[in-house]
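Reader: I'd like to go through the charged pairs in this one and hear the reasoning behind each label. Can we do that?

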Amino acid sequence: MDVSIIIVTYNTRQMTAECIDSIYQETSDVDFEVILVDNASSDGSKEFFEKDGRVKYIYSQENLGFGKANNKGAECARGKYLFLLNSDTLLENNAVKLFYDFMEKSDPRVACCGCLLVNKNHERIHSFGSFHTMMNSIVERCWPLERFRLFLMLGKFPKYDNPKYETSQEAFDVPFATGAALFVKKEISDRLGLFDPDYFMYSEDMDLQHRYFESGYKSVVIKSPRIVHLFGQSSKSGSIKKMEMILKSLFLYMKKHYSLGYFFAFCVMFKTIYSISFLLRRSRSIHEKISHIRFVQKL
């Protein structure tokens with residue numbers, strides 16, 4: 001088996017079905033399997049997909065989160081490579097074969113491979129980025145710093161999709177490629193682990209590639225695969241719950257990858273600046289602001 005395609009679904013039956021259809025419509029000349037892990041969906045996904053003979057269907061009795069669900073799928077994967085694919089994506093060319101061919105000829109140090117994702121209007125969207133640091137996390141998450149980062153001399157160094165990494169070549173090295181469409185060497189994931197189960201959702205793709213980087217491996221982005229990511233349509237963007245999951249994962253990441261002193265400094269600076277900036281937002285009620293700030297202070 002060449003490639004095991006792992007998809008995690010949670011109450012996204014229609015989008016997931018369209019994603020699987022696109023895989024079978026576009027993929028050829030490569031031996032693959034599709035493993036679908038259902039995080040306890042309640043939208044009829046179980047009844048629908050367990051009848052689909054094209055997929056190896058795994059139903060979880062609880063919502064495991066993104067990382068653990070992918071790990072569960074990887075446990076029964078037979079492919080030489082794992083292709084971790086979001087349920088809200090659509091393949092528009094023979095992307096699986098293009099990834100496979102590239103990885104077969106690539107530098108042995110390449111552990112992960114991504115591509116340049118587009119939205120439904122075929123506009124470039126988040127495809128790669130830099131690892132979390134104290135400064136880029138504060139600028140990204142703390143309003144109004146995110147709007148005035150040019151004045152902080154940080155506008156030239158964006159956290160995501162920084163043009164300094166891109167080259168005219170088919171492939172270019174990046175700190176991490178987004179987990180929405182991530183091609184991984186299974187031999188390396190078997191040895192170093194796939195996703196850290198401590199993360200429920202968010203930052204787990206960055207954490208995985210940071211761990212691989214620390215072991216001497218690297219990630220690349222290639223330009224030939226064409227994949228549409230219907231970004232945000234599988235979750236409620238802007239909700240307080242989503243914001244809190246993002247922040248919880250951010251703090252977990254900082255604790256795992258930096259020294260105790262650095263993490264302490266990050267906590268003091270981030271919590272102070274973030275709390276003040278959140279109080280200044282006009283789009284939230286006083287009750288929401290107080291509740292959210294209390295959550296942040298406990299991180």
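Reader: How many salt bridges does a search of the whole structure find?

Author: It finds 18. Keep in mind that this is a predicted model.

Reader: What makes Asp190 and Lys186 a salt bridge?

Author: Their side chains meet at 3.1 Å, N to O. The cut-off is 4 Å between a Lys or Arg nitrogen and a carboxyl oxygen of Asp or Glu, so the pair qualifies.

Reader: Where do Asp190 and Lys186 lie?

Author: Both sit in helix H6 (residues 186–192), four residues apart, which is about one turn of the helix.

Reader: Why is Lys186 called buried?

Author: Its relative accessible area is 14%, and buried means under 20%, so the label fits. Asp190 has 54%, and exposed means over 50%, so Asp190 counts as exposed.

Reader: How do you know that Asp198 and Lys256 form a salt bridge?

Author: The N to O value is 2.9 Å, which is within 4 Å, so the pair counts. Asp198 lies in the loop between H6 and helix H7 (204–214) and Lys256 in helix H8 (residues 240–257), so the pair ties together parts 58 residues apart in sequence.

Reader: Why is Lys256 called partly exposed?

Author: Lys256 has a relative accessible area of 35%, between the 20% and 50% limits, so partly exposed is the label. Asp198, at 51%, is over 50% and therefore exposed.

Reader: Which residues are linked in a network of salt bridges?

Author: Asp107, Arg109, Asp173 and Lys218 are linked that way.

Conventions: Residues numbered from 1 in each chain as written. Predicted model: local features only at pLDDT ≥ 70, side-chain atom pairs only at ≥ 80, totals over all residues. Heavy atoms only, no water. Helix = DSSP H or I, 4+ residues; strand = E, 2+ residues; numbered from the N terminus. Buried < 20%, exposed > 50% of the residue type's maximum accessible area, 1.4 Å probe, protein only.
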